[in-house]
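Subject: Structure for you to look at

Hello,

I am passing this structure on to you, together with some notes. Please open it before reading further.

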Amino acid sequence: MPRWAQLTVLPALNLMAALLVTALVTWMIGEDPLECLQILVHGAVGYSEGIGYTLFYTTSFVFTGLAVATAFHAGMFNIGAEGQAYIGGLGVTLVVLALDHALPAPLMVPLAVLASIVFGAAWAFIPGWLQARRGSHIVVTTMMFNFIASSLMLYLIGHLLIEPGSQNPTTREFGASSWVASMQSMLAAVGVEIPSTPLNASFLIALVALVLFYVVIWHTRWGFQLRTVGVNDKAARYAGINVTLVILLAMSVSGGLSGLAAVNELLGSTHRLNVAFTNGIGFVGIAVALMGRNHPVGIFLSALLFGALTQGGLDLSFEKPVITREMIIFIQGLIILFCGALENLFEPFIAPLFKRRK
Amino acid sequence: MDQLISVLDSTIRVAMPLILAALAGLFSERSGVVDISLEGKMLTAAFASAAAAYVTQNPWIGLMAGMMASIMLAMLHAFVSVTYNGNQMISGMAVNTIASGITPVLGLAWFQQGGNSPQLPDEGRFHEVVLPFAEQLADVPVIGQLYSRLLSGHSVLVYMTIVIIPVVTWFVYKSRFGLRLRAVGENPHAADTAGVSVARVRYIALFWNGALCGMAGTFLSVYQTGAFIKEMTAGKGFLALAALIFGKWRPVPAVIGCLLFAFADAIQIRLEGVALPGVGIIPSQFIAVIPYVLTVLLLAGFVGRSVAPKSIGIPFVKSR
């Protein structure tokens, strides 16, 4: 079977299978799957505001998808992107709350972005260290770190960072100098009019990250070491690669990428830190990486798909009260199943079709 | 004494679902199949059993439904890991995600209560069982208190679990199937050469894994809270897995690991809002985080390194 077909036909079939099961469940709870699909597609790409929101969600999913993929290439299953993004948000918030009145935007924003990377990386570094040095199970530790991050943030937001006198567990609004430019204002500067959505310059950072990911993983010495460790860490060690160092760096890069998702959410959209602002983006990242087969092009496309699903799903839940955003989590689970665990399920049925043509 | 007994009492209550899940994980992992999906299976079972118990007003039918739902997911995991040779980690993650998505969706469609199930009526729940002579012995010092307050007055599921622990231990170490189970987990090729069907053993192991997880989930919804609540497992499946690793994949140490977690949890509830000398009131978030931190410390091998079954996580491909 040719490689191009393996990378397009099989994922497409897997996606179809996932959507088919979703349709079945939709039908079981008494809704018309086709009508729901129509609402969903219209909500995601049918009008310009919907497209803006879709791309806004896509941005976060690109970051968490790349995060999971980085760890994957090094042979680790990082399911802690959620917590890493959450702690990345803490980094952003601390820097912004301390300095937003003192620094102008050209200094403030890069500093906040840096803080998100450093905090996310630090939160991923610990499980990485535990894996490399103490042999802990990375899946379980990163999961535990999600829970720990969530408790820690609940405490910090509720007791220390909360806006004085406020009843809601959120911080004060960030100063305007820390806001990442919205896509609307950026395009308005060159004379293009688009409606107001949370889509912001982080989208461009995400595109850069995708390209950098490709270059680093496939065209640098470190990327080669990373992939070698991922394929066979014993052989890598034998070949003189410092496996411990590669694992530590891979997890840190992974965490840093997750942290960037917080920039999109906090500096690009809400302009304040909320409890549970991550809202599952780290877990979506797992599905995105698996469906995109850990390749930047695939990751971008599947992030786009999940962005559309999230935005369309929200529209759908307004129109159909019985369908909640958990439906998206369910679809995400099916995609992890079909595109991740059963990735070549349809190969035996499809491969002969390609042979006959020769 | 009174305080101690009540801490131990809630330790037992909290430990049982963890123990069931850890034993479930034992079956799967001893056969060589990694199972991070204990969490999802428990959650699904908690939902299915609460739904069935609510509709039929019968906790036993709830238990059956919970076990069946969990076994179905275990069979899915078996199909991916054994028949298809897929990535077991990813398959487990898929089961977890599917469970946390599907339970509130069906819950909302069936009960219109924001994804939770309605509170189960008394007939639909498992009740506390008073052991014989518990009341007469209650006044006898020490022994009477231990018997009537600690041992008596639990749900029938607790007593079932207490019986299951030695049964599983016997099953794994002394039975014919147990020998095959361990052989398949350590060296599937040797087992295969000896005429044992690796796939069959792994399927059977995952069947029991599903059954036990189903019981664990039922325990949470049909006994402990009396209703299904969204995401009610809250990491218990991962704690059970940690206890299993802590117990070096052996039943009794794994059970002790579960009791340890449950003891931390029982103390945590008592620390809530209590001012400690020199520290003051510890914020609830710090207390809530204890089991997770404990898990990380246990896994980091600060209590001794554990060696996993050798073929764990590796799909078995028959050599020709």
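Below are notes on one residue, one pocket and one helix.

Please keep in mind that this is a predicted model.

Arginine in chain B

Arg30(B) belongs to helix α1 of chain B, which covers residues 2–30. The residue is buried, yet it forms no salt bridge. Glu186(B) is the nearest side chain of opposite charge, at 5.4 Å, and a salt bridge is counted within 4 Å, so this pair does not qualify. What the side chain of Arg30(B) does reach is the backbone oxygen of Trp249(B), at 3.0 Å. Leaving aside residues up to four places away in sequence, Arg30(B) touches several others, among them Val172(B), Tyr173(B), Leu181(B), Arg182(B), Lys248(B), Arg250(B) and Pro309(B). Trp249(B) is also one of these contacts.

Pocket

The second largest pocket has a volume of about 1400 Å³. It is lined by 50 residues, and those closest to its centre are Glu82(A), Asn279(A), Gly280(A), Phe283(A) and Ile329(A). Helix α6 of chain A (residues 138–161) supplies the largest share of the lining, with six residues.

Helix α12 of chain A

This helix spans residues 281–291 and is mostly covered, with ten of its eleven residues buried. Including Ile281(A) at one end and Met291(A) at the other, the buried residues also take in Gly282(A), Val284(A), Gly285(A) and Leu290(A). Just after α12(A), Arg293(A) has a positive phi of about 50 degrees.

Regards

Terms used
Residues numbered from 1 in each chain as written. Chains lettered and ligands numbered in written order. Predicted model: local features only at pLDDT ≥ 70, side-chain atom pairs only at ≥ 80, totals over all residues. Heavy atoms only, no water. Helix = DSSP H or I, 4+ residues; strand = E, 2+ residues; numbered from the N terminus. Buried < 20%, exposed > 50% of the residue type's maximum accessible area, 1.4 Å probe, protein only. Lys, Arg positive; Asp, Glu negative; His and termini not counted. Polar contact = N/O pair within 3.5 Å; in protein donor to acceptor, adjacent residues only side chain to side chain. Contact = heavy atoms within 4.5 Å. 1 Å grid on protein atoms, 1.4 Å probe; cavity = no way out; pocket = protein on both sides within 12 Å on 5 of 7 lines; lining within 4 Å. Points joined across faces, edges and corners; volume = space filled by probe spheres on them.
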